[in-house]
Amino acid sequence: MINYRNLLDDLGAVKKGHFELTSGLHSEYYIEKFRLLEKPEISTLFCKDIADHFNNENIETVAGPTTGGIIIAYDVANYIKKRAIYAEKVDGKRVFRRDFKITKGERILVVDDILTTGGSIVETAQSAEEKGGIIVGLAVFINRSSESIRLPYPLYSVYSIDIEKYAKEDCPLCRRNIPLTIPGSKNL
Ligand SMILES: [Zn+2]
């Protein structure tokens, strides 16, 4: 058994501090997914786990949203020897550009790096569904949505971590005047 938490800790992917998340909530911890994605020999272990999990599901295509989802879809698809397609954000919506085709009834697995609100992975799945695909499931490297969010598709998480989040008004870190960091970009 692979100890995924140890791998993340060794990479320094779990940051401690005072962070404002995409949701606007504050947290003491932040997962910097690119500490993992910049190490292909480690992130490929997560991809192999996903590929193994869906081994008997007759997946025909693996889809992922930009940015991290591209890397993961590519690698998972490589393990199962199938196709990978990528959804980009256009006018706030995930769409398949680049003339990616989906045939009616095509069995699709949608992958992404970290599940927080589920926004981009669900949008990608819905976009594939609109094109006629069947969403077999969603898979993520890390599930950090502590309050289990309701997703319209079955979810597989390689690793789950429960990270406490606070509204600004109730944030104990704000109260202690710990400098706030807003990581990453909301536009990708
Ligand atoms: Zn705070």
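A residue is called exposed if 12 or fewer other C-beta atoms lie within 10 Å of its own, and buried if 20 or more do. The exercises below apply this to a predicted model.

**Exercise 1.** Decide whether Asp99 is buried or exposed, and say where Asp99 is found.

*Solution.* Begin with the neighbours: Asp99 has 5 C-beta neighbours inside 10 Å, and because the cut-off for an exposed residue is 12 or fewer, Asp99 counts as exposed. Next, place Asp99 in the chain, where it belongs to the loop between E5 and strand E6 (107–115). Finally, look at the backbone, in which phi of Asp99 is near 60°, a positive value in a residue other than glycine. Most residues other than glycine have a negative phi.

**Exercise 2.** Describe the backbone and surroundings of Asp91.

*Solution.* The phi of Asp91 is positive, about 50°, although Asp91 is not a glycine. Asp91 sits in the loop between strand E4 (83–90) and strand E5 (93–96), and it is exposed, with 5 other C-beta atoms within 10 Å.

**Exercise 3.** Find which residues a cis peptide bond joins.

*Solution.* The bond is the one between Thr66 and Thr67, where omega is about 0°. Thr67 lies in the loop between strand E3 (61–65) and H4.

**Exercise 4.** Work out which helix gives the most to the largest nonpolar core, and what Val76 touches.

*Solution.* The core has 45 residues, and Val76 is one of those that touch the most other members. Helix H4 (residues 68–80) gives the most to this core, with seven residues. Leaving aside residues up to four places away in sequence, Val76 touches Cys47, Ile50, Ala51, Val62 and Val111.

Conventions:
Residues numbered from 1 in each chain as written. Predicted model: local features only at pLDDT ≥ 70, side-chain atom pairs only at ≥ 80, totals over all residues. Core = buried A, V, L, I, M, F, W, Y, C linked by C-beta atoms within 7 Å. Helix = DSSP H or I, 4+ residues; strand = E, 2+ residues; numbered from the N terminus. Contact = placed C-beta atoms within 7 Å.
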